[in-house]
Amino acid sequence: MSPGKVLQPAVKMKVDELFLCWLSQPATQLTLKDCLRRIKNKEKTEFGNTDSGNRKNENFTSKNSKKCILGDTRLPLMSFSPPQLSPILPLATPATSRNICNVRATRRSSATKEVQTKKEETLPPSHSQNIPTFYFPRGCPKEKVNIDAVIAKIEKTFSEFPNERATLEDMGKVAKACECPLYWKGPLFYCAGGERTGYVSVHKFVAMWRKVLQTCYDDAAKFVHLLMNPGCNYLVQEDFIPFLQDVVNSHPGLSFLKEASEFHSRYITTVIQRIFYTVNRSWSGKITCNELRKSNFLQNVALLEEEPDINQLTEYFSYEHFYVIYCKFWELDTDHDLYIDRKDLARHNDHAISNRMIERIFSGAVTRGRKAQKDGKISYADFVWFLISEEDKKTPTSIEYWFRCMDLDGDGALSMYELEYFYEEQCQKLDNMAIEPLPFEDCLCQMLDLVKPQHEGKITLHDLKRCKLTNVFFDTFFNIEKYLDHEQKDQFSMLRDGEGESQEVSDWEKYAAEEYDILVAEEAASDQWNDGYEAELNPVDHQKASVLKYQMEKRPFFEMPSHLADVDLDEYDYDEDFE
């Protein structure tokens, strides 16, 4: 921005946002429905009477104005007749003219006053004053909270600590005094400045929490306030690191990670990507209060306290899921620099993904930052998104992921040309396998019957989100292995699978459980061969061996060092994520 220019708020955008928010309120919709019903039934309303009254006034005004005009034109003609030669001057003419002007002005003013009075009386009352507040960016205020009682409870808790100072280990009791879930203790500690000094005094904490209670009215707003950077109203990926490091350090289900601190950053990165994959529906890289409210993330954070087995929390925190993702990445990352190129990714699942789709993934359509385009590589964080989307193509995020890849021209719709572009490579692969491919015209008819698009000649994102068999649609165009699996299945069985959306276990959870069991079995088999022989292991093999011993007794996994570990997301090129 040039020096001299001043930032101006986009008022229209805010007004549009508020209008849409007001329009979505149930009370507003009921009112609109009632008005539409009245219009449909031709019922008379105040607004209709007002209009008729205004019409009468307009007619009255026009008639009076016509009379005035006619009168004004006649009178001068009668008064100023052609002069006759006479020695006597006509004294009556000036007086008559003055009287006529007075009459004309009187008539005009009286008519105008009468019309104005009637118009003022018939104006409908303003309804805008009765619209209640409907926009609450920091949560809807509930019944008045007794802040002093909450503060007194917190002060009583702090009195139990030496010098009324709480360390990170003490913050569990403070979180309970604040009526927060246990694992909010890390964000509470760091927001009050505990990271700088190693402890939090009662005065600093009370001042911080009082401000939170006065400005934030629900859990989503409070959580964002605790984690966000000063001056922001959203969360970026780095904001979650201290919170997740505390979970790793203190959750009993991760106690086995204590001796494997090198995997802390990998696990934390995986969880962060899964959080943004599920919660950040806008793909902006910034989680807002509204997005957090609509998600189930805070409910899962609360479950951390109740569930000692971290692997039961499959949506975000499962270590088994991290284990599967990281092992899959390690197999592709041959040079182990935590980046993979096109050739590496093409080897996934025995070259099942088409080369044209690989090119689209590296084009930047679904990756953050510029490394994919500049250096032709994607990071481990990008691979997390890829693998979850590849194994579960029914979730909203995965549908958006693959739609972005297939939408070559970015016009928001898949044309027949774009579908044919991806299907051509599938046909080539089938020919190489000595399988006769289905002609594109026949395949297109099947896909259109499957998706049932609303507009002829194109498939939109909305069409795919309505479809219950999006996995079949996408696999047809870029995953040859899964395409053949679908072809061998009975059509009715696929429909039953699609209709069974109420199933508790998602496609991703099924895949992760199966792959985890395979990895464990492979490791157990290799241990039998290597019994009594100590070989040099790579980090993943070393981790597998140490974990398996713990596994035989209990399925969960790992513990950790206390204190905030040095987790640097720059290791995964996050500097460019939000440019």
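A salt bridge is taken here as a side-chain nitrogen of Lys or Arg within 4 Å of a carboxyl oxygen of Asp or Glu. Lys465 and Glu400 satisfy this criterion, since their closest N and O atoms are 2.7 Å apart. Lys465 belongs to helix α23 (residues 461-466) and Glu400 to helix α20 (residues 396-406), so the salt bridge ties together parts of the chain that are 65 residues apart in sequence. The two partners fall into separate accessibility classes: Lys465 is partly exposed, at 37% relative accessibility, whereas Glu400 is buried, at 9%.

The model is a predicted one. The protein comprises 579 residues, of which 42% count as buried, and its secondary structure consists of 28 helices and eight strands. Among contacts with a separation of 6 or more, 68% are made by residues 24 or more positions apart.

In total, the structure holds 19 salt bridges. A second bridge between distant parts of the chain joins the side chains of Lys482 and Glu390, with an N to O distance of 3.2 Å. Lys482 is located in helix α25 (residues 480-488) and Glu390 in helix α19, and 92 residues separate them in sequence. Lys482 is buried, with a relative accessible area of 17%, which places this residue under the 20% limit for that class. Glu390 is likewise buried, at 1% relative accessibility. Both residues also take part in a network of salt bridges that links Glu390, Glu391, Lys393, Asp475 and Lys482.

Helix α25 contributes further buried positions. Besides Lys482, the residues Ile480, Tyr483, Leu484 and His486 are buried in this helix. At the start of α25, the backbone nitrogen of Glu481 is approached by a side-chain oxygen of Asn479, which reaches to within 3.3 Å.

Helix α19, which spans residues 380-391, also contains Ser389. Ser389 is buried, its relative accessible area being 0%. When neighbours within four places in sequence are set aside, the contacts of Ser389 are with Tyr277, Ser398, Tyr401 and Trp402.

A salt bridge within a single helix is formed by Asp34 and Arg38, whose side chains meet at 3.4 Å, N to O. The two residues are separated by about one helical turn because they are four residues apart in helix α2 (residues 26-40). Asp34 is partly exposed, with a relative accessible area of 27%, and Arg38 is also partly exposed, with a value of 36%.

Residues 394-429 carry the annotation "domain: EF-hand" in an unreviewed UniProt entry. Over this range the chain is 69% helix and 8% strand. The C-alpha atoms at the two ends of the range lie 25 Å apart.

Charged groups are also found over aromatic rings. The charged end of Arg404 sits over the ring of Trp283, at 4.0 Å from the ring centre. A similar arrangement involves Arg356, whose charged end sits over the ring of Tyr421, 4.3 Å from its centre.

Aromatic pairs were searched for over the whole structure, and 38 were found. One of them is formed by Phe473 and Phe474, with 5.5 Å centre to centre and 70 degrees between the planes. This geometry is edge-to-face, because the angle between the planes is over 60 degrees. Phe473 and Phe474 are both buried.

Another aromatic pair, between Trp508 and Tyr511, is tilted, with 5.7 Å centre to centre and 35 degrees between the planes. The angle lies between the limits of 30 degrees for stacked and 60 degrees for edge-to-face pairs, and the pair is therefore assigned to the tilted class. Trp508 and Tyr511 are three residues apart in helix α27 (residues 507-529), which means that about one helical turn separates them. Trp508 is buried, at 3% relative accessibility, and Tyr511 is buried as well, with a relative accessible area of 12%.

Definitions and conventions. Residues numbered from 1 in each chain as written. Predicted model: local features only at pLDDT ≥ 70, side-chain atom pairs only at ≥ 80, totals over all residues. Heavy atoms only, no water. Phe/Tyr/Trp six-rings, centres within 6.5 Å; stacked < 30°, edge-to-face > 60°. Buried < 20%, exposed > 50% of the residue type's maximum accessible area, 1.4 Å probe, protein only. Lys NZ or Arg CZ within 6 Å of the ring centre and 35° of its normal. Contact = heavy atoms within 4.5 Å. UniProt positions renumbered as here; feature names shortened; annotations may be inferred. Polar contact = N/O pair within 3.5 Å; in protein donor to acceptor, adjacent residues only side chain to side chain.
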